Amino acid sequence: MGGAAPDAGARAEPGPDVTGSGAVNAPVLGGAVGHLTIVVLSPHDPMTRGQLRRMAELARDEGVTVRWEEARGGAAAPFRTVGGLSGPLRRAERIVIGDPFSRYVQLLLTLTRARDLVVVDDGTATMEFISQLARGERLVRWHRRGSGRGARDVVFAPVSATARRRLTPGGDRRVEVFSSMPVEPPPGVTVTPNSFAWTRARFGPPRLTQGTDLVGTSLVETGVVDLDRYLEAVAALARTHGATRYFAHRRESADKLHRVSAEIGLEVVRPDLPLELIARRGPIGRTILSFPSTVVHTLPLALAGTGVRVAVCDVDPAWLTRDASPRAQGFLSGVTGTARDVHRLKSAPSTL
């Protein structure tokens with residue numbers, strides 16, 4: 001289920017490190033490995049679909065059944081998907097999801113009677129999810145601006161409220177979060193740290209280059225950071241630190257990536273797997289630069305013991321768009337401030 005939204009941040013480990021779950025961006029219906037079914041609600045975005053296909057192959061290699069749903073393949077697709085999953089969801093004793101903010105996932109959560117719910121997500125959205133759950137708030141993505149009370153929100157509100165109750169522990173209902181993110185769970189919620197042990201055992205160690213790699217983000221695409229400011233910051237980082245490659249985020253636009261290549265001169269790499277796996281396979285730079293994002297938390301774990309240096313560049317408030325959520329700066333600062341084993345750069349040196 002967690003593979004529903006193109007902006008789903010889950011990068012769960014598909015191996016035995018995940019108790020009763022099993023793969024990226026998906027729920028698990030069942031108990032132990034070998035009796036699991038991963039349901040992928042396929043998005044439209046080609047790069048996300050490609051990564052999910054590759055991760056599905058890895059999950060199958062681990063003995064897990066993968067069920068691929070074209071959940072957005074036309075007007076009738078949602079009805080077929082919900083109808084086909086209603087029976088398994090009602091019978092499942094454990095449900096694992098990868099994106100609690102997805103409306104599709106929230107809808108499916110209303111169908112389950114499972115007493116054991118697990119959120120598997122190594123994205124920064126996990127930090128906001130835990131915070132909102134602890135305060136009893138509506139589940140709203142951190143970068144959304146406004147009241148969130150549009151016509152669609154009002155219609156969907158009862159479903160969202162039911163899903164939030166499902167994700168709140170109480171009685172015999174258990175809620176667990178499996179994540180590498182630094183979170184303080186509310187009472188009753190169990191947090192199991194993702195150490196990326198399976199990734200380190202499955203891939204690498206990587207061959208290191210002498211250069212520096214830069215990791216892209218979708219902050220422009222989500223309306224948080226101004227495009228020109230972002231490109232100036234990327235150029236400044238590349239110039240100052242000698243970066244030669246730019247690992248694109250799966251949601252970055254083709255036009256923006258063209259400018260990164262043509263105007264800044266970086267080699268744009270479009271990973272076919274999550275960056276943590278790409279980095280473990282190598283080759284990878286001895287220094288990796290990133291803006292505040294998931295990878296400043298996950299890459300130090302995935303690359304532990306390799307000698308790779310991960311550095312994070314803060315987002316200057318001047319880079320934010322007028323439409324950016326009022327919570328954006330505080331959230332991004334929190335992502336950087338809580339990252340472990342990374343070097344901090346105050347901001348990209350430039351003439352911004």
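Which residue in S12 is the bridge partner of Val312? The legends below, which describe a predicted model, take up this question in the third view.

**View 1. The open sheet of six strands.** In this predicted model, six strands form an open sheet in the order S9-S8-S7-S10-S11-S12, and their pairing is parallel. Strand S9 (267-269) and strand S12 (343-345) are the edge strands, each of which pairs on one side only. On average, and with direction ignored, neighbouring strands of this sheet are turned by 30° against each other.

**View 2. Strands S10 and S11 with the helix that links them.** Strand S10 (residues 284-290) pairs with S11 in the parallel sense over four bridges, and Ser290 stands opposite Val312 in S11. Between these strands the chain passes from S10 through helix H10 (residues 295-302) to S11, in a β-α-β crossover that is right-handed.

**View 3. Val312 and the pairing of S11 with S12.** Strand S11 (residues 309-313) is joined to S12 by parallel pairing over three bridges, and within S12 the bridge partner of Val312 is Arg344. Val312 thus appears in two of these views, standing opposite Ser290 and bridging to Arg344 in S12. S11 is mostly covered, with four of its five residues buried.

**View 4. The β-α-β unit that ends in the edge strand S12.** S11, helix H11 (residues 328-337) and S12 together make a β-α-β unit that is right-handed, and S12 (343-345) is an edge strand of the sheet.

Conventions: Residues numbered from 1 in each chain as written. Predicted model: local features only at pLDDT ≥ 70, side-chain atom pairs only at ≥ 80, totals over all residues. Heavy atoms only, no water. Pairing = 2+ DSSP bridges. Helix = DSSP H or I, 4+ residues; strand = E, 2+ residues; numbered from the N terminus. Axes fitted to C-alpha atoms, helices over the stretch in contact; angles between N-to-C directions. Buried < 20%, exposed > 50% of the residue type's maximum accessible area, 1.4 Å probe, protein only. Right-handed = clockwise from strand over helix to strand, strands pointing away.
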